[in-house]
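Reader: I'm new to this one. Can you walk me through it?
Author: Here it is.

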Amino acid sequence: MKKAREPVYLDSQDTWPAEKLRRLQFRKLKRMLGHAYQNLPFYRRRFEASHFHPDSVKSLQDFLRVPIFTKRDLLREIKEKGSFSVGTETFDGGERRSYA
């Protein structure tokens with residue numbers, strides 16, 4: 001008779017209780033918003049125009065206040081500013097350049 005195999009988990013987070021996982025996801029999302037606000041002018045302008053600041057996010061419900069944007073908004077940004085920076089990459093009229 002074959003011995004039953006133990007389940008293999010890729011990450012310990014796979015077995016976390018739902019509430020612990022939600023707290024981790026919340027912290028990561030909030031950190032991402034903070035990074036966008038601090039380092040990416042496009043997002044900072046969007047947030048400020050909507051009177052939104054990442055520090056104001058205290059619950060998952062607060063994420064509903066994050067300003068949204070469309071592909072058209074991004075294309076307009078590229079046309080007006082000549083580029084759109086995303087972290088370490090810049091997109092300018094179809095060309096993509098990476099910075100270390």
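Reader: How does α2 pass α3, in a left-handed or a right-handed crossing?
Author: α2 passes α3 in a right-handed crossing, with the near helix turned clockwise from the far one by less than a right angle. Helices here are DSSP runs (H or I, at least four residues), numbered from the N terminus. This is a predicted model: local features need pLDDT of at least 70, side-chain atom pairs count only at pLDDT 80 or more, and totals for chains, interfaces and linings use all residues. Residues are numbered from 1 along each chain, and side-chain values use heavy atoms, without hydrogens and water.

Reader: Which residues make the contact?
Author: F42, R45 and R46 of α2 and D73, L74, E77 and K81 of α3 (contact means heavy atoms within 4.5 Å).

Reader: And by class?
Author: Two nonpolar, no polar and five charged residues. Asp, Glu, Lys and Arg count as charged, Ala, Val, Leu, Ile, Met, Phe, Trp, Tyr, Cys and Pro as nonpolar, and the others as polar.

Reader: New topic. How many salt bridges are there?
Author: The count comes to five, taking a side-chain nitrogen of Lys or Arg within 4 Å of a carboxyl oxygen of Asp or Glu. One of them joins the side chains of R22 and E19 (3.3 Å, N to O).

Reader: Where do R22 and E19 sit relative to each other?
Author: R22 and E19 are three residues apart in helix α1, so about one helical turn separates them.

Reader: What about charge in general?
Author: Side chains of opposite charge can pair when their charged atoms come close.

Technical notes
Helix = DSSP H or I, 4+ residues; strand = E, 2+ residues; numbered from the N terminus.
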